[in-house]
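Biologist: I'd like a close look at one part of this model, with the pieces around it tied together as you go. Could you walk me through it without rushing?

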Amino acid sequence: MSKVERFIYGVKRIFPEEMEYTFYRGYCYWFAFILAERFKGTIWFNPKIVHFATKIDNDMYDVDGSHAADL
């Protein structure tokens, strides 16, 4: 598990209800922003699924964790 995934799962473990309510329902940009700031990533937008994610090194991350090829 990468340091980014550990961070994501750690935050989800502390605030499970808030994470689901906030970042699964239209606020994915803000989670992408948090990851980009913390891990020096780039925010990406997929217009097909209307979803923001963060590219860190060669992987894409969102509130679900790593999605190397999905986003």
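Let's start with the rings: how many aromatic pairs does a search of the whole structure find? Then take the pair formed by Tyr29 and Phe52 and work outwards from there.

Modeller: Sure, and keep in mind that this is a predicted model. Searching the whole structure turns up 7 aromatic pairs. In the one you picked, the ring centres of Tyr29 and Phe52 are 5.1 Å apart and the planes sit at 80°, which is over the 60 degrees needed, so the pair counts as edge-to-face. It also ties together distant parts of the chain, since Tyr29 belongs to helix α3 and Phe52 to strand β2, with 23 residues separating them.

Now follow Phe52 into the sheet. The sheet is open and has 4 strands, ordered β1-β2-β3-β4 with antiparallel pairing. At its edges you find β1 (42-46) and β4 (65-66), and each has a single partner strand, so one side of each has no neighbour in the sheet.

Let's go along the strands in that order. Between β1 and β2 there are 5 bridges, in the antiparallel sense. Two of the matches are easy to pick out: Thr42 has Lys55 in β2 as its bridge partner, while Ile43 is matched with Thr54, again in β2. A hairpin with 4 residues in between connects these two strands, and Val50 in that turn has a positive phi of about 50°.

Next door, β2 pairs with β3 over 3 bridges, also antiparallel. Here Ile56 stands opposite Asp59 in β3. The β2-β3 hairpin has 2 residues between its strands, and this turn has a positive phi as well, about 55° at Asp57. The last pairing, β3 with β4, is antiparallel and rests on 2 bridges; Asp62 finds its bridge partner in Gly65 of β4. Another hairpin makes that connection, through 2 residues.

What about the helices on the sheet? Helix α1 (residues 3-14) lies across β2, β3 and β4, and runs at about 5° to β3. As for α3, the helix that holds Tyr29, it packs on the sheet and touches β1, β2 and β3, with its direction at about 10° to that of β2.

That brings us to the empty space, and Phe52 comes up again. A probe the size of a water molecule, rolled over the atoms, shows where space is left empty. In this model the search finds 1 cavity of 30 Å³ or more, and it holds about 40 Å³. Its lining is made up of Phe23, Cys28, Phe31, Ala32, His51, Phe52, Ala53, Tyr61, Asp62 and Val63. The elements giving two or more residues to that lining are α3 (28-39), β2 (51-56) and β3 (59-62). By type, the lining divides into 8 nonpolar residues, 1 polar and 1 charged.

So two residues we met earlier turn up again here: Phe52, the β2 partner in the edge-to-face pair, is in the cavity lining, and Asp62, bridged to Gly65, is in the lining too.

Note on methods:
Residues numbered from 1 in each chain as written. Predicted model: local features only at pLDDT ≥ 70, side-chain atom pairs only at ≥ 80, totals over all residues. Heavy atoms only, no water. 1 Å grid on protein atoms, 1.4 Å probe; cavity = no way out; pocket = protein on both sides within 12 Å on 5 of 7 lines; lining within 4 Å. Points joined across faces, edges and corners; volume = space filled by probe spheres on them. Nonpolar A, V, L, I, M, F, W, Y, C, P; charged D, E, K, R; others polar. Pairing = 2+ DSSP bridges. Contact = heavy atoms within 4.5 Å. Axes fitted to C-alpha atoms, helices over the stretch in contact; angles between N-to-C directions. Phe/Tyr/Trp six-rings, centres within 6.5 Å; stacked < 30°, edge-to-face > 60°.
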